[in-house]
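User: I would like to learn how to read the features of a protein model with its ligands. Could you walk me through one, giving the general idea before each case?

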Amino acid sequence: MPIAVVVGAQWGDEGKGKIVDCYASQADLVVRFNGGANAGHTVVFEGKKYKFNLIPSGILYSQKTNIIGNGMVIDPKKLIDEIDGLLKSGHTPNLAISPRAHVVMPYHFVLDGAEEIRKGGLAAGTTKRGIGPCYADKAARFGIRVSELMDAQLFREKLHTMHQLECRIIEGVYGQVFKQTEDEVFLQYSDYAKRLAPYVKDTNEIIHSAIAKNKRILLEGAQATMLDIDHGMYPFGTSSSTTAGGACTGSGIGPTAIDEVVGVVKVYTSRVGSGPVPTELNDSIANYIRDKGGEYGTTTGRPRRIGWLDLVTVRYSVQVNGFTGLAFTRLDTLSGVEKIKVCTHYTLDGKKTESMPASHKDFERCKPVYKEFKGWKDVGEKEWRAIASKGFKALPKEAQAYLTFISKTVGVPIYIVGVGPGREDTIVLKDVFKRK
Ligand code: GDP
Ligand code: IMO
Ligand code: MG
């Protein structure tokens, strides 16, 4: 039963899209299991950059079914735009949407903005895609599922209740006005329902008949461990289960069926949004990495905060996800930095700690302790690609030492090393779908 999960080990944007695209070449099914249009996953194929918010990153392989899993929250307009974008560029999406996924409604966007303002210093700096309010409705059992959107009468009934309720909250609690009438929302979303209906399928049957036939399934996570609703640095994360456990609940695949869990690790830290990041840099090295790597949010365009790699975070990620392998990205971006630091532990109130604190207040007070590594030279895009074709041993010796140290420290083998954004810029040391 070859089933593999890909999740982010840090604060998001590690390069999950690229890793999924890489492994998807050997997969039969790709399932995105969490999040919504807050995600931005980049895949570079034949020199062209594709950015996916909701559609799984295996979509460019037309023979492979890509599933929007039950754990996701779908902004239907965004999804239709993504489908149309693919059709325009000559790709017919082989897509199936879970009828159990939830629908992001227009009032969720208004609430997302209003709640952020009310939270003040505890705001996460959300993507304003309605994610938190949609998952909140799901948990409160007020949510609207895709199956309900597809049933006009049921949708109308639920919308009637929700429209009244949300209007009162938006007005009464937040002093704002929700401008769309119930009829307007109904008509708009009924149109979306018609467009999406052909893609809504019994994804549970698709997944489990594939498992019965021993097909290969790749589960794609969005966001990352430090943003997880349970394990992340609450309240500065997102509202879904971004970790490997979320792959099970968000797809309907039991944990016993999963063979591999790959943690994607960017070889430095980046963060978009607010909250403490102990290894954050505000100096010329951060600017160098941000400019060189184009470190600006895929979804919102915000400049990403940059810092040294934090092994306390990666080790914690290994614990809560049970990684079987690590996929490193952006070795090329870090090249040219003369001395590279990696945080091996923190001190908290003068005491050494290797554990992740539960409280963001404690996390704020954690001071990183670093080990220094000699950097490696930038060899340019072409040469990085040539190195990728030769394999791990062709990497600069200093880079090999850096990656080996990380892998040994956290006790997880290296599966992939990325030295550029394309499939060809990737060294695959272990193919997760090869039988043991
Ligand atoms: P995701 O959200 O985890 O899928 O990551 P994003 O797509 O938001 O951000 C990752 C960015 O890094 C994208 O622009 C990728 O094309 C790029 N990328 C991924 N791996 C590498 C790599 O090894 N080297 C370089 N230079 N870019 C990479
Ligand atoms: P991918 O899948 C990086 C961050 C936001 C904010 C917090 C909550 O591309 O790695 P939300 O809109 O989810 O309520 O925002 O989480 N965030 C991400 N940061 N990459 C992402 O996705 C993110 N999705 C959400 O910046 O701090
Ligand atoms: Mg991203």
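User: Which residue just after α11 takes a positive phi?

Analyst: Happy to start there. Most residues other than glycine have a negative phi, and most peptide bonds are trans. Here, Gly322 follows directly after α11 and has a positive phi of about 65°. Helices are DSSP runs of H or I with at least four residues, strands are runs of E with at least two, and both are numbered from the N terminus. Before we go on, two notes on conventions. This is a predicted model, in which local features need pLDDT of at least 70 and side-chain atom pairs count only at pLDDT 80 or more, while totals for chains, interfaces and linings use all residues. Residues are numbered from 1 along each chain as its sequence is written, chains are lettered from A and ligands numbered from 1 in the order in which they are written, and side-chain values use heavy atoms, with hydrogens and water left out.

User: Which residues other than glycine take a positive phi?

Analyst: Glu46 is one of them, with phi near 50°, and Lys128 is another, with phi near 60°. Glu46 sits in the loop between β3 and β4 (48–52), and Lys128 in the loop between α3 (106–119) and α4 (131–139). To read their surroundings, use relative accessible area: buried is under 20%, exposed is over 50%, and partly exposed is in between, with a 1.4 Å probe and protein chains only. Glu46 is exposed at 69%, whereas Lys128 is partly exposed at 42%.

User: Where is there a cis peptide bond?

Analyst: Look at the bond joining Tyr234 and Pro235, where omega is about 5°. Pro235 belongs to the loop between β9 (217–220) and α9.

User: Back to α11: how many of its residues are buried?

Analyst: Nine of the 11 residues of α11 (residues 311–321) are buried, so the helix is largely enclosed by the rest of the structure. Among the elements covering these buried residues are β1, β10 (260–266), β16 (339–348) and α15. At the N-terminal end, Asp310 acts as a cap, with a side-chain oxygen 2.9 Å from the backbone nitrogen of Val312. That is a polar contact, meaning a pair of N or O atoms within 3.5 Å; within protein, one must be able to donate a hydrogen and the other to accept it, and residues adjacent in sequence count only if both atoms are side-chain atoms.

User: How many residues does the largest nonpolar core have?

Analyst: First the idea: in soluble globular proteins, nonpolar side chains tend to be buried together. A nonpolar core is a set of buried Ala, Val, Leu, Ile, Met, Phe, Trp, Tyr and Cys residues joined through side-chain atoms within 4.5 Å. The largest one here has 58 residues, and Ile217, Leu219, Leu395, Tyr402 and Leu403 have the most contacts inside it. Helix α15 (residues 397–410) gives the most to this core, with five residues. Another core, of 39 residues, lies apart from it and includes Leu79 and Ile170.

User: Which protein donors does the magnesium ion (ligand 3) have?

Analyst: Donors are N, O and S atoms within 2.8 Å of the metal (3.2 Å for Na, K and Ca); water is not among the atoms, so sites may look incomplete. For this ion they are Asp13 (OD) and Gly40 (O), 2.0 to 2.2 Å away. Asp13 is in the loop between β1 (3–8) and α1 (16–24) and Gly40 in the loop between β2 (29–32) and β3 (41–45), so the pair ties together parts that are 27 residues apart in sequence. Gly40 is buried, at 10% relative accessible area.

User: What surrounds ligand 1 and ligand 2?

Analyst: A residue counts as near a molecule or strand if one of its heavy atoms lies within 4 Å of it. Around ligand 1 there are 19 residues, with Lys16, Gly40, Thr42, Thr298 and Asp332 coming nearest. A polar side-chain atom of Asp13 is 2.9 Å from an oxygen atom of ligand 1. Accessible areas come from the Shrake-Rupley method with a 1.4 Å probe, and for residues only the protein chains shown count as cover. Ligand 1 taken alone exposes 590 Å², of which the protein buries 94%.

Ligand 2 is surrounded by 21 residues, the closest being Lys16, His41, Ala124, Thr127 and Thr238. An oxygen atom of ligand 2 lies 2.7 Å from a polar side-chain atom of His41. The protein covers 98% of the 550 Å² of accessible area that ligand 2 has on its own.

Note on methods
Contact means heavy atoms within 4.5 Å.
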